[in-house]
Amino acid sequence: MRLTVRDIQKMKTAGERIAMLTAYDATSAYLAEAAGAPMLLVGDSLGMVVQGHQSTIPVTLEHVIYHSAIVTRVTQRSLIVGDMPFMTYKTSVEQAMDNAARLMQEAGVQAVKLEGGEYIAPTIHQLVQAGIPVMAHIGLTPQSVNQFGGFRVQGKDRDTARHLLDDAQAIQEAGAFAVVLELVPTQLAHEITERLHIPTIGIGAGPQCSGEVQVFHDLLGLYPSFGPRHSKTYADAGKLIRDALTQYVDEVKANTFPAPENSSTMSEQVLADVLANGAADRASD
Ligand code: KIV
């Protein structure tokens with residue numbers, strides 16, 4: 001049985017911390033679910049860690065539908081959240097409704113995530129009224145990286161801190177079931193978590209959120225060009241894989257792989273018969 005948004009909310013009420021991971025394909029989804037993550041995010045971070053872009057902006061709805069369909073296909077228990085890419089929900093409420101519906105119907109996600117605060121609250125409200133669970137995302141919202149001028153901590157000064165408090169409140173009132181707080185100072189994230197009854201899921205927002213979300217590739221050292229400070233390399237799987245593949249290439253070059261135990265043989269008699277018949281056939285041509 002899959003977990004529901006209500007189960008996730010009960011975790012906050014029960015004081016149980018929520019460990020969320022991104023997943024983009026069958027391998028990452030199997031591993032993240034097997035690790036016990038109650039929620040998986042098919043994040044538009046796939047634009048960076050899977051597609052090799054510098055930001056999430058080139059990601060399209062079709063990309064997220066494609067990856068989300070894989071993740072929902074191979075998981076049973078985790079709640080799957082599909083990220084709504086850049087400009088797929090901000091043009092109009094109708095656009096947001098149509099695209100969120102596609103993510104649910106074509107990819108089978110149980111909830112969608114979208115970036116933005118107070119100004120996007122009316123859209124969140126409409127989606128929730130239509131039966132689409134919404135996870136909000138405030139603080140550093142990567143789709144606005146060009147507006148922010150980089151991946152910077154948000155809410156350090158009075159104005160932006162006040163805005164974030166208002167954003168969090170508006171999102172909750174609109175009906176979001178949870179909110180991601182990305183790159184928000186620890187004290188502010190704590191204050192938001194205290195004020196809201198919905199869970200806050202931090203990333204670079206300190207230890208006092210209701211839970212945490214991290215990018216699969218960052219935790220495993222699989223993204224070579226960038227290691228964000230807010231993450232931690234739990235295993236340098238990137239190095240492990242590189243070393244293993246280098247060994248493979250060396251062994252093929254040295255002709256020590258494949259070895260007899262990686263190969264199969266046939267009866268010498270059968271081979272002799274085939275070759276003899278082949279010779280006879282050619283002679284009669
Ligand atoms: O796209 C993503 O992976 C995200 C998380 C980092 C929150 O939005």
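Domain bounds, as used here, come from an automatic or database domain assignment. In this predicted model, that assignment divides the chain into domain 1, residues 5–219, and domain 2, residues 241–284. Taken over C-alpha atoms, the centres of domain 1 and domain 2 are 51 Å apart.

Next comes the nonpolar interior. The largest nonpolar core contains 57 residues, and Leu-103, Ile-124 and Leu-181 have the most contacts inside it. Helix α8, spanning residues 158–174, gives the most to this core, contributing seven residues. Another core, of 17 residues, lies apart from it and includes Val-5, Phe-177, Ala-178 and Ile-203. Leu-103 can be followed further: setting aside residues up to four places away in sequence, Leu-103 touches a list of residues including Leu-61, Val-64, Ile-65, Met-84 and Val-112. Asp-83 is also among the residues that Leu-103 touches.

Asp-83 leads to the ligand, since Asp-83 is one of the residues surrounding it. Others around the ligand include Thr-22, Asp-44, Ser-45, Lys-113, His-137 and Ile-203. Three side chains place polar atoms by ligand oxygen atoms: the distance is 2.6 Å for Ser-45, 3.0 Å for Lys-113 and 3.2 Å for Asp-83. Taken alone, the ligand exposes 260 Å², and the protein buries 96% of that.

Asp-44 and Ser-45 also touch Thr-56, a residue whose contacts beyond four places in sequence further include Met-48, Pro-142 and Gln-143. Thr-56 sits in the loop between α3 (46–49) and α4 (61–74). Is this loop residue, Thr-56, buried or exposed? Thr-56 counts as buried because its relative accessibility is 3%, and buried means under 20%.

How values were computed: Residues numbered from 1 in each chain as written. Predicted model: local features only at pLDDT ≥ 70, side-chain atom pairs only at ≥ 80, totals over all residues. Heavy atoms only, no water. Helix = DSSP H or I, 4+ residues; strand = E, 2+ residues; numbered from the N terminus. Buried < 20%, exposed > 50% of the residue type's maximum accessible area, 1.4 Å probe, protein only. Contact = heavy atoms within 4.5 Å. Core = buried A, V, L, I, M, F, W, Y, C linked by side-chain atoms within 4.5 Å. Near = heavy atom within 4 Å. Polar contact = N/O pair within 3.5 Å; in protein donor to acceptor, adjacent residues only side chain to side chain. Areas by Shrake-Rupley, 256 points an atom, 1.4 Å probe, with all protein chains shown as cover.
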